[in-house]
Amino acid sequence: MAARIYQRPKNAMQSGRARTDEWVLEFEQSEARRPDPLMGWTGSGDTQAQVQLTFPTKEEAQTYARKYDIVARVHATPPKSLKLQAYADNFR
C-alpha cells in the first residue's frame with residue numbers, strides 16, 4: 001500500500017488560506033481506472049484511493065504511516081513567494 005504526504009495548497013479560487021497548514025496522507029491507486037460499459041463513467045474497485053487523512057504536522061503523518069506499514073513519500077512544500085506589484089504597473 002503506497003501513499004503520499006503533502007501539505008494542502010492554497011485554493012486558487014479564493015484569497016483565504018484556510019486549511020493550508022494541514023498535512024494530507026493520500027493513498028495512491030492500486031489498479032487502473034476503467035470506463036463503465038453502461039454509463040461510460042470511469043471508476044475502479046479500489047476504495048483506498050478515496051481515503052484522505054489530515055494531520056496537523058508532517059511528523060504525525062509520517063508516524064501514522066510507519067505505524068501501519070504504509071510506504072509514504074513526502075512531497076516538499078514549494079516556497080511561497082509574493083510578487084509585489086503596484087496597480088500602475090498594469091499600464092506600462
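What is the volume of the largest pocket? The largest pocket has a volume of about 220 Å³. The model is predicted. The points below cover that pocket, the loop between β1 and β2, Glu-26 in strand β2, the aromatic pairs, and Asp-69.

**Largest pocket**

- The lining of the largest pocket includes a run from Tyr-6 through Gln-7, Arg-8 and Pro-9 to Lys-10.
- Arg-17 and Thr-20 also line this pocket.
- His-75, Ala-76, Thr-77, Pro-78 and Lys-80 are further residues of the lining.
- By residue class, the lining divides into four nonpolar, four polar and four charged residues.

**Loop between β1 and β2**

- Strand β1 covers 2-7 and strand β2 covers 23-27, and Asp-21 lies in the loop between them.
- Asp-21 has a relative accessible area of 53%, and residues over 50% count as exposed, so Asp-21 is exposed.
- Leaving out residues up to four places away in sequence, Asp-21 touches Gln-7 and Pro-56. Of these two, Gln-7 is also one of the residues that line the largest pocket.
- The C-alpha atoms of Asp-21 and Lys-10 are 9.4 Å apart in space, and the two residues are eleven apart in sequence. Lys-10 is another of the residues lining the largest pocket.
- Arg-19 is also found in the loop between β1 and β2. Its phi is positive, at about 65°, although Arg-19 is not a glycine.
- Arg-19 is partly exposed, with a relative accessible area of 49%.
- Asn-11 has its place in the loop between β1 and β2 as well. With 39% relative accessibility, Asn-11 counts as partly exposed.
- A polar atom of the Asn-11 side chain lies 3.0 Å from the backbone nitrogen of Met-13.
- Asn-11 and Gln-48 are 37 residues apart along the chain, and their C-alpha atoms are separated by 24 Å.

**Glu-26 in strand β2**

- Is Glu-26, a residue of strand β2, buried or exposed? Its relative accessible area is 15%, and the limit for buried is under 20%, so Glu-26 is buried.
- The Glu-26 side chain makes a polar contact with the side chain of Arg-4, at 2.7 Å.
- A polar contact at 2.5 Å links the side chain of Glu-26 with the side chain of Gln-52.
- Apart from neighbours within four places in sequence, Glu-26 is in contact with Ala-3, Arg-4, Tyr-6, Val-51 and Gln-52. Tyr-6 is also among the residues that line the largest pocket.

**Aromatic pairs**

- The count of aromatic pairs comes to three. Two of them are described here, Tyr-64 with Tyr-68 and Tyr-87 with Phe-91.
- A pair of aromatic rings is described by the distance of the centres and the angle of the planes.
- In the pair of Tyr-64 and Tyr-68, the ring centres are 4.8 Å apart and the planes stand at 50°, so the pair is tilted.
- Tyr-64 is partly exposed, with a relative accessible area of 28%. Tyr-68 counts as partly exposed too, at 45% relative accessibility.
- The rings of Tyr-87 and Phe-91 have their centres 5.3 Å apart and their planes at 75°. Planes over 60 degrees apart count as edge-to-face, so this pair is edge-to-face.
- Tyr-87 is exposed, with a relative accessible area of 64%, and Phe-91 counts as exposed at 62% relative accessibility.
- Which residues form one aromatic cluster? The cluster is made up of Phe-55, Tyr-64 and Tyr-68.

**Loop between α1 and β6**

- Asp-69 lies in the loop between α1, which covers 58-67, and β6, which covers 71-74.
- Asp-69 has a positive phi of about 55°, although Asp-69 is not a glycine.
- At 67% relative accessibility, Asp-69 counts as exposed.

Methods
Residues are numbered from 1 along each chain as its sequence is written. This is a predicted model: local features need pLDDT of at least 70, side-chain atom pairs count only at pLDDT 80 or more; totals for chains, interfaces and linings use all residues. Side-chain values use heavy atoms; hydrogens and water are left out. Helices (H or I, at least four residues) and strands (E, at least two) are DSSP runs, numbered from the N terminus. Buried means under 20% relative accessible area, exposed over 50%, partly exposed in between (1.4 Å probe, protein chains only). Contact means heavy atoms within 4.5 Å. On a 1 Å grid over the protein atoms alone, a cavity is a set of points where a 1.4 Å probe fits but cannot get out, and a pocket is an open set with protein on both sides within 12 Å along at least five of seven lines; lining residues have an atom within 4 Å of a point. Grid points are joined across faces, edges and corners, and a volume is the space filled by probe spheres set on the points. Ala, Val, Leu, Ile, Met, Phe, Trp, Tyr, Cys and Pro count as nonpolar, Asp, Glu, Lys and Arg as charged, and the others, Gly among them, as polar. Rings of Phe, Tyr and Trp (its six-membered ring) pair if their centres lie within 6.5 Å; planes under 30 degrees apart count as stacked, over 60 as edge-to-face and the rest as tilted. A polar contact is a pair of N or O atoms within 3.5 Å; within protein, one must be able to donate a hydrogen and the other to accept it, and residues adjacent in sequence count only if both atoms are side-chain atoms.
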